[in-house]
Structures are given as structure tokens and as C-alpha cells.
Amino acid sequence: MNFVAPDFMPVLPELFVLTMACLILVIDVFLDPQRRHITYGLVQLTLLGAALLTLFSYAQASVVTLSGHYVKDAMGDLLKLFIYLAAAAVFLYSRDYLRQRDLLKGEYFVLGLFGVLGMMIMVSAHSLLTVYLGLELLSLSLYALVATDRDSPVASEAAMKYFVLGSLASGMLLYGISMIYGATGSVDLQVVSIAVARQGANNLVLVFGLVFLVVGLSFKLGAVPFHMWLPDVYQGAPTSVTLYIGSAPKLAAFALVMRILVDGLGALQSDWQGMLIILAAASMALGNLIAIVQTNIKRMLAYSTISHVGFLLLGVLAGDKSGGYAAAMFYTIVYVLMAVGAFGMIILLSRTGFEAENIDDFKGLNDRNPWLAFLMMTIMMSMAGVPFLVGFYAKWVVLQAIVNIGLIWLAILGVVFSVIGAFYYLQVVKCMYFDKPERSEPIQLSLDTEIAISANGLLLVALGLYPTALMGWCAAALSLKGLA
Amino acid sequence: MLSELPPLLSLVIWFPILGGAAVLFVGDDNPGRAKALALTVAILTFLISIPLFTLFDPTTAKMQFQEFVPWIPALSVNYHLGVDGFSMPLILLTAFMNVLVVIAGWEVVQYRVAQYMAAFLIMEGLMIGVFAALDAILFYVFFEAMLIPMFLVIGIWGGPRRVYATLKFFLYTFLGSVFMLIALIYLYTQADSFEILDFHMLPLTLSEQVWIFFAFLLGFSVKVPMWPVHTWLPDAHVEAPTGGSVILAAITLKIGGYGFLRFALPITPDASATLDWLIITLSLIAVVYIGLVALIQQDMKKLIAYSSIAHMGFVTLGFFIAFSIYRHTGSLNGAAMGIEGGMVQMVSHGFISGALFLCVGVLYDRVHSRQIKDYGGVANTMPIFAAFMVLFAMANAGLPGTSGFVGEFLVILSSFKASFWIAFLASFTLILGAAYTLWLVKRVIFGEVGNHHVAELEDVGRREIIMLSLLAAAVLLLGLWPDPLTSTMHATVDNLLQHMTVTKL
């Protein structure tokens, strides 16, 4: 029997991150607590290294390796680059916050890195098993992260809730995978897609498998009616962890949808399109309506996330001919950039013994720090989809894809709920600009976080003035897959 | 030949925006320098906009001063600018009014001066962008982006109910315009281009046109504002600081009217012709009913706000009466008169309503009340101011010799060609307009000195005289010699009528 060593070159970034994560775990154990910044620096270096590795091997064509379980393609590489970027920003924003709360432990960073690794695996999965592996690696890291503040009952409750519901979702996904395997005889996405195209929707097992997969994916994305965990976890988790959960994993979740529904079950598009329409409409409606009455900004942003997921699903269901996948990808990336900024701002306003968790805590920010208020306004207006900020273009390309396939009523529904959504984003702007401050302590930021948050906010303006490049990358990444 | 010109339109758009950013960086710590810089930027912007008028070729309906740069090629969106006889005067109006706004806020605004000035400068650039854009997405982007600075202006520097007013303003306008976005996207799927001029040529079935027309109607009627979606305007006007009211009345409302000219009429001519009765009815309701509402107002700003709605009713009436005239007489000349009348009314109303809001601002700065009952006999203590206020009030009532007369006269005259009863109802404005404005003047300016506040009033200072006399000159000039304005429009109006009267079915 011949053993042929698989080609490890395409997996180099993953191997690098894995090695570094293990190394950092060991190094951290021997580090004096005063010198935790070394761990932090190593983590950022790891992300930088992974980014360079990915950048220099940026895929020109799809390469499948590891016996068909793993694929390196442009979509994966582009998403990975933004995962590194988001994760780096998350670690940077969180650092001071964690230090002030005595939570600055190596575990946060190592678990974070393992989460990144899980996302990378999800993004590059080429079989249903790899998808599941990556998802579990990410999820388990997240469960543990939510519980890092072990003395906080709210955080423990959130972790428990997240774990139970997340496991349920994983179970659904696994059940769906087993049915797909039963129907097609393989977990390899390529084989699956060929088999599915041959059988079509006539095979009942296949359709059942599809339903379970969609349910599992909706759980992970947080689409209505599988969204219950999201507000509680966002609110209960330490803000640094909320920031993590709310940002990069959305990119991985998008990849998950693309890999499973499009790569694997693309032939059943007419079946899952209808399901996604319901999920998207319900998410936009419920997310936006409930967000209006929130007073806790983390919870408000959680419901806003749900509504953004609805919009993202609009792009996916529009399909490739109308440019829907590229639109959804653009939307996801833009959303992650905005979410990192928004949660980052909450973190930066928090100090020792004070969490800037309520919308009221933003009162009078313009008087206390006009620059931060301006950045937050940029982020909020971008989320609301007001132009010259990139959030508008994200909404626009998705709407265009939807109009292209003739679902104008769905587009109208989308914009109506965007207007309703604008209300709660404006509430934040109102607090910052129209109300008088209730606190007077100065806001202290370290230089690097201030630069980072400025770059983050200005990026939304810059991309708004010139969205072409990012749109082009998204379209190019998907056209390499044969999807435009 | 044209390529040797500097990109004038880009300059008038981006110079104030960048200038506004610079004012922000000069900072709130140094209000004096911020104000000086803001005034410089505003005046320079106005100076840059003057060549648009002097070099404008009135003999052609073609877009002039065009600039074309691909912006988002994947979706065929271009940075395409250009002006014709409709947009050029409005750009000049915008640049002119902004200079006044900066002067008006000079001493009055004490809180966050730099942010105040910057908001107006940035808004100026965005509004000019709205008028100059020839690409639908570019238009939409400017159209929406404008909301942010206005939202902040009303919310930060406004009156006691400012939060309610500004949220209402934002959400009303936002809701109206998102439907327009869907219509634009739909047009793109049909035309494969976002060029507005391509949309003009696009054949569409009647049912498509009706849907698109209603989307445009929602977007623009909120801006104009037409009855019954006008309720945000009185609130916004009352709560906004003087500068905000001036810009709202003088420019933002005009964007609604301009939208009808640029989008609804030429893109959906058949739907517009079929549904012209609807717009005419709404316009007449605005003229008559809102005129009556204005009569009973106790708050000066609210009164002028309602008067704005009534006057803007004239604008939409003038635009949409054209179809009826064409059907009745078959002649394009009468139809052209209605559209030109509407345009003149827009520009004139920009001056007059701006001037009236500045007058109220002058009084408010001294007495801190907008209630009519708190005044009386102002002429005794402020004779110069009283003279200005009476002039603007007369112009608002449509006195011949002022700009207010020209537009109203043209519109009424053309309505006569369509139907006696429409003209009859429209003429009510002459009575109602005179009634509410003159009654306002009587109660505020004339009579005995009302109370000790009025007795202690000081007359307008040099700064206020400059700003009011600039407007007085504009009102009189346009009233006595409207030809420079109307002659720039002839070719454009004729071209629009070609689009409106040729069916797209």
C-alpha cells in the first residue's frame, strides 16, 4: 500500500496558527503575570504572520488537498484576511479592558487564537466533516471565553445558555450531515454536489437533511426564529468577548453557508431559497423592531446583528446570477468592520469598575470627546445605511441582487425595516450629541487603541467614498469559484 | 474648449466639504478663527460658483460643465456631474444662501461654533452635489448624506423639542427616499445603466411607470413637502436654529421640486400625465388649506413654515399643470410657462423664505420668543429692520415688483389655460398669502409698542443689515428683471417638454 503524503502547502497558515497557539500556551504558563504583554504581542505577531502567509499564497485557483477535506480558494483567503484583521482589532481593543478587570490572562488570547483557527478551518472546509470540526473548535473556544469571568453570575448564565443551545444546533447540523451522507454516500462537498444534482429534491432524505442543515446554520448565524441565544450571550458575556463573538465569527458563518448550501447543496437552491426568504424576512422584522426598545447597548446591537443577518441572507438567497453571493460577502465584511468598531467603542468607554453598557452612558460624548463621538456616529450611521458611509453600499448591492431576481416585495420589506432600524441607531447619535453628559471623568485611551479606533471609523468613510476595490475583491474571489 | 476649464462642479462640491472638515480641525477652542475660516470658505465657494452662471450657454439643453469618472465600474456607477438650466440656478442659490447662513450664525451661535459652521459647509457641498449629479446613485448618495448634518444641526442647536423634531425630519425623509432607491435599482435592471439621462430615454410600460412614479412621489413629496406628508416641516422649522430653518426652506425644499423635474417628469411621463390630477389636487390643497392653516398660527416660524408649504404647492402645480395645458391647447408654450413659473417660484421662494426666517431670527435673538403676541410695534424701536421685514412680507404676499410675484403670476396665468377652476383656486394664494403675511406684519411690526421687551429693542447692526440687504437686492432684482433667470431655462424647459409629451410606451 502506497502512502502519498498530502500537499501541506495550502494549509500552511492553519499549521502556523496551530503551532503558535500551542507555543503561546506553553510560554504563557511560564510568564510572570506582569509580563502578560508578551503573550499579547506574540498573538498579534501570529495573526500578522498568518496574514502574510495567506497574502503571499493568495489563491489564483481552487486547490483541494488533504484527501478532499480541505480547499484553498480566493473566497477562503479573502475571508481569512478579514478574520485576522477583525481578531487583531478585537485583541487590541480588549487588552486594556481585560487588564482593568484582572481578566488579562493567557487563556483569553489562546482561546481566541484557537477560535481563529476554527474559523479558518470552517472557511476552507471542503467536506461536511471539516466544516463540523472547524465549527466545534470555534464554538468550544467561544463557550469557554464567555465563561472566563467566572465570578460573574451573568456571564456564567450566558455561557451555559450558549453552550446548551449551541450544542443543540451542532446536533442538528450533525444530524443533517448524517442524512446527507446517507443520501449521497459521501461527505466530500464536491461528491455531494454531484450526487445532489443527480437526485434533485425527489429524495426525501436529502430534503430532510437540508432542513436540518438550514436549522443548524440559522442557529449559528442567529437568524429568527433561532436567535434566542444571541441577545443573552451578547449582554451576559464580558464586552471583550461580545466583541469577539460579534465580529470575526460572522465571516466564518457566511463561509459556512456558502460551503454547505452553495458548494454542497447548490442544486437544491430552489428549495433552500424559500426557507431563507422566511428566515431573512423574520430576522429583519424582529431584529429591528425589538432593538428599538432596548436600553442596553450590547443587547441593542445583538438585535441589530439579527437584522443584519437577515440582510445578509437576502444576498445569499438571491443567488449567483444576480451577484447575490458577492453582495452577501461584501455585506458580511462591511458588517464585521462596523461591529468591531461599535463594540470596540463600548469597550473603550468602559473603565475600571464601570461598564459603558447602557445607551445612556453615551450621553454627551460630544462634549467629553468630540472625536470619539464622531467615530461612533460614523459607525452608527453606517449601520443604518446612510450614504457616504460604506453601510449604504452594502445594503444597496444586496437590494440590487434581490431586485434582479424579481423579488421586489422583499426589497421593499428590507428597506422599510432599515428605516425602522435607523431609529435606534439615531437614538445613540442623539444621546451623544443632543444630551448633556452625566459623567465628567476624562476618557483615557492608550495611543494604539486610539489610532486603531480612528482607523476603524475612517475606514468606513474611506470605503464609502471608494467602495470599488473591496467590491471588486469580493466579486473576483467568487468568480474564481465559478460563481459571480 | 470646455476641457480647459477647471472642474468647477467638483470644486463647488468638495471645496466646502473639505473646508468644513478644516473648520472642525480648527476646533471649538478657537471660535473666532473657525468663524473666519467658515466665512472665507463660504464666500470662496460662492465665487467659484459664479462662472457656472457667466459661462453657461443658455441656448442648449445639453448638460454643461460635465465631469465623468468611472466610480464603481462593476455596477456601472459613474461620478458624472453636469448642470442644465434647472440645476445651475439652484446651485448658485445654495452657494449664496450659505454665505448668509454663516453671517447669520456669527454672533448668535455660542455653543460648539466650529461644529455648527462645519455642518453647514458640509451640507452645502452635499446639496450642490444633489443638483449636479447626473448619475442616479451619485444623486441618491448626496440626497441621503445631506440628512446627517441637518439632523445634527436641528438636534444640537435647536429649540426645546428639537429631538422629536429632528428624528421626525430624518425618518420621514429617509422613509420617502428608500422607495426611490428601489425604483432606481429597478430602472438600472431595465436600462443597464445608472445614468439619469439614459433613464430619460428608457421605454417603460404604463404599470411600471406608475409604480416608479409613486416611488419618486414618496421620495420627493416628503421633501417638497406636499400635503399630507408635510407635518415634519413645521416641527423642524420651529425647532431648528435660524440657519437650519433658512437652509431647510431655501434649499432642501427645492431639492424635492428639482427631483420632480429631473426624475418623475422625464422618466415616467405617461404616469405623470395620467396622474397629474393627483398632484394638482394635492398642490391645490396645499395652496388653499395650508394657507388657511397659516392664518391661525401663533408662532412666527410656524406661520412662515406653513406659508412655505403653500408656496411650494405652487411649484408642483406649475410643473404638473403642463400636461393639462398641452391636452387642452396642444401648444407647448403655455406648458412651458407653467414649468418656468414653478422654477422661478422655487428660486424666489428660496430668497424670500430665507429672508423671513432670518428676520424672525433677528427678533428671536433679542427677545427669545417666537410668539407673535410677545411683539407689537417693533417699527417704533427698529425702523430699519421693520422696513426690511415689510419688504420681504410683501414679496411673500406676491407684490408686483418683487420676485414673489413673477412665479405666482406665471403659474396662475398658465393654469388659466388648463382650467378656470384650477386657476381660481390657485389665485386664493394671493388673498390668503396677503392675509397671513400682512396680518403677521401688522401684529409684529406696527401698532403700539407691545411690552417692555419691545421697548428695549435695538435696531439691526451692520452684520444684519448686510445680510438682509443682500437678500432684499436679490428679491427686487429677480422681481424687476427676471429675464437672466428665465432665459437660462428656456432651452432646458423645451427639452423637458419634449420628454414629457412624447410617450414612452
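**Exercise 1.** Work out how many residues chain A and chain B each bring to their contact, and what the chain A side is made of.

*Solution.* Start with the head count: 25 residues come from chain A and 27 residues from chain B, where contact means that C-beta atoms, placed from the backbone, lie within 7 Å. Next, look for the helices (DSSP runs of H or I, at least four residues, numbered from the N terminus). On the side of chain A that touches chain B, α17 (390-404), α18 (408-434) and α20 (468-480) each give at least two residues. The largest share, twelve residues, belongs to α18(A). Finally, sort by class: 19 are nonpolar, five polar and one charged. Here Ala, Val, Leu, Ile, Met, Phe, Trp, Tyr, Cys and Pro count as nonpolar, Asp, Glu, Lys and Arg as charged, and the others, Gly among them, as polar.

A quick note on the model: it's predicted, so local features need pLDDT of at least 70 and side-chain atom pairs pLDDT 80 or more, while totals for chains, interfaces and linings use all residues. Residues are numbered from 1 along each chain as its sequence is written, and chains are lettered from A and ligands numbered from 1 in the order in which they are written.

**Exercise 2.** Decide whether A:His227 is buried or exposed, and find what surrounds it.

*Solution.* First place A:His227: it sits in the loop between α8 (204-221) and α9 (229-236) of chain A. Then count: A:His227 is buried because 24 other C-beta atoms lie within 10 Å (buried takes 20 or more, exposed 12 or fewer, partly exposed is in between). Leaving aside neighbours within four places in sequence, A:His227 is in contact with A:Gly222 and A:Ile306.

Conventions. Two residues are in contact if their C-beta atoms, placed from the backbone, lie within 7 Å.
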